[in-house]
Amino acid sequence: MYVVLGGGIGGLSAVHYLKKSTWKHVKLIEASNRLGGWIQTTRTPRGFIFEHGPRTVRPKGVAGENTLALIEDLGLVSRVVPITHNHPAAQNRFIYVNKALYALPSSNICSVFVTQPPFTKPLISALFHDLKAPKKLLKDDSVYDFVERRLGKEIAEYAVCPLVCGICAGDAKEITVKFLMKSLFEAEQAHGSIVKGILMNAIKRKSNSPFRTKCELFKTAVKEKWNVWSLDGGLELLPETLTSSIKNQQADVLLSSPCEEIVFQTGKASLKVRGNVFECDHVISSLPAKQLALLIAKQHPELGEELSSIPTVTVAVVNLQFEGRLLRQDAFGLLVPPSEDLPILGIVFDTCCFPKGDNTVLTVMMGGRWFEKFFGEDPTPDTLLNIAVHHVRSILHISSAPEAHNVSLLNNCIPQYVVGHHERIERIKTYVNNHNLPLSLVGASYDGVGINDVILSARTAVESLIKDIQT
Ligand SMILES: Cc1cc2nc3c(=O)[nH]c(=O)nc-3n(C[C@H](O)[C@H](O)[C@H](O)COP(=O)(O)OP(=O)(O)OC[C@H]3O[C@@H](n4cnc5c(N)ncnc54)[C@H](O)[C@@H]3O)c2cc1C
């Protein structure tokens with residue numbers, strides 16, 4: 001029997017791929033009383049969608065294609081709502097600097113030649129900076145230091161810091177450059193410049209054979225130039241549909257069953273769940289690394305130490321619904337650079353992506369790397385709501401009270417890929433291999449924090465397991 005630990009999107013996908021490969025005995029063990037992990041949607045009585053966690057998925061690359069193939073497999077194609085590249089939500093993003101909103105430069109090539117505040121020079125000047133700046137030979141670097149060195153301080157402050165807040169609620173001064181800009185970092189290390197690296201990559205890409213895919217939905221996404229997509233009824237429809245599908249295929253699902261300890265023996269593992277111990281042939285863990293560390297540290301302290309060293313941050317998410325169309329401009333939303341020293345990370349304009357009559361739905365993201373500094377250890381939902389409403393008022397000039405709201409406190413919800421992360425993951429994988437542990441690692445702690453990465457990590461883990469058994 002195989003056990004999958006954790007019923008977030010990583011664990012559910014792992015069970016799905018095991019079942020697809022006709023694996024018979026699969027048990028999914030989930031600590032809480034629901035499946036889906038951080039993917040959670042509240043559908044209000046009046047039909048508004050409040051996403052507590054993720055809201056959109058990118059259709060790009062192998063991982064993006066893999067998720068769309070899963071959507072096809074699950075029969076969810078008719079529920080996909082794409083945002084194409086020319087939609088205002090794909091074109092417009094704001095940053096909030098010195099009490100004013102500024103549009104971030106668009107992908108339009110002309111925009112790099114003009115000075116767009118808060119930048120004091122046209123973006124093209126950053127490219128000259130890159131060509132002149134000396135190369136620094138490094139194993140790793142923070143994304144902030146890398147961008148400041150190659151493109152200048154303003155790009156690091158106003159473009160990269162807010163981007164990192166938007167993606168992982170983290171501090172660009174701590175997050176590894178390999179998380180967001182691996183190929184650009186490699187370009188600097190190999191060629192001494194980002195510009196040269198981009199040119200080399202473009203040449204390489206041209207010489208590669210064209211990418212072929214069997215996934216019709218991915219072909220549509222490429223043809224129609226989707227920027228992101230979501231699901232009609234909210235993203236939780238994905239884990240809900242996966243749950244029905246794996247239950248139909250007789251997967252054994254245990255809810256409210258936190259795993260308390262794992263002890264590995266040769267080719268086997270014993271799991272303690274709610275005081276009972278049972279054996280299995282292999283464990284696929286989709287738990288956050290810190291949680292897994294607690295379960296294995298007694299037997300494998302060195303591995304436990306590595307796993308528990310992957311930091312996480314806490315985010316508060318406040319969804320607000322207002323009557324009327326109150327936004328002055330359509331956009332995906334706004335981001336706040338950490339240098340503004342505000343408790344909010346950004347505001348998503350949900351009804352720009354997915355309009356809902358004469359209403360405005362916003363999501364305020366708060367805290368992240370700076371959660372404790374602004375909110376202490378245990379803020380009340382009312383405190384979080386008041387701070388969110390206050391900033392919506394001061395930044396977006398929306399003075400009416402929200403008609404409906406939801407406050408979610410997501411403790412330790414986003415792993416932080418700090419400088420040295422990739423080397424740590426290599427050490428973790430080597431430890432598991434060298435000790436022949438019947439353990440596969442899946443989920444957001446290791447090889448990517450987005451939904452696509454997590455689903456792909458589940459597929460890769462299952463495929464390599466099945467391959468090992470067949471050889
Ligand atoms: C606020 C927010 C916004 C996001 N926005 C986006 C977005 O727009 N697009 C995108 O692509 N990604 C986004 N993400 C990231 C995405 O949500 C995650 O990558 C993904 O949900 C992680 O899934 P997972 O299965 O790895 O982990 P989780 O969802 O954390 O699932 C792990 C599961 O393990 C269970 N568990 C823990 N301990 C135990 C135990 N001892 N025994 C048994 N079970 C246990 C937990 O209860 C949980 O259900 C966002 C994340 C957050 C928090």
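Here is a short chat about a sheet and two helices in this predicted model.

In this predicted model, local features need pLDDT of at least 70 and side-chain atom pairs count only at pLDDT 80 or more, while totals for chains, interfaces and linings use all residues. Residues are numbered from 1 along each chain as its sequence is written, and side-chain values use heavy atoms, with hydrogens and water left out.

User: What makes strand 13 and strand 19 a pair?
Analyst: Two strands pair if DSSP finds at least two bridges between them. Strand 13 (residues 282-285) and strand 19 have 3 bridges, in the parallel sense, so they pass the cut-off of at least two. Val-283, for one, has Leu-439 in strand 19 as its bridge partner.

User: Which strands stand at the edges of the sheet, and why?
Analyst: The open sheet has 5 strands in the order 9-2-1-13-19, with parallel pairing. Strand 9 (252-254) and strand 19 (439-441) each have a single partner strand, so one side of each lacks a neighbour in the sheet.

User: How do you know that the span of helix 2 agrees with what it should be?
Analyst: The expected span is 1.5 Å times one less than the number of residues. Helix 2 (residues 61-73) has 13 residues, so it should span 18 Å, and its end C-alpha atoms are 18 Å apart, which agrees.

User: Why is Leu-68 called buried?
Analyst: Buried means under 20% relative accessible area, exposed over 50%, and partly exposed in between, with a 1.4 Å probe and protein chains only. Leu-68 is among the buried residues of helix 2, as are Ala-63 and Ile-71, so its relative accessible area is under 20%. The cover over the buried residues of helix 2 includes helix 1 and helix 18 (451-470).

Note on methods:
Helices (H or I, at least four residues) and strands (E, at least two) are DSSP runs, numbered from the N terminus. Contact means heavy atoms within 4.5 Å.
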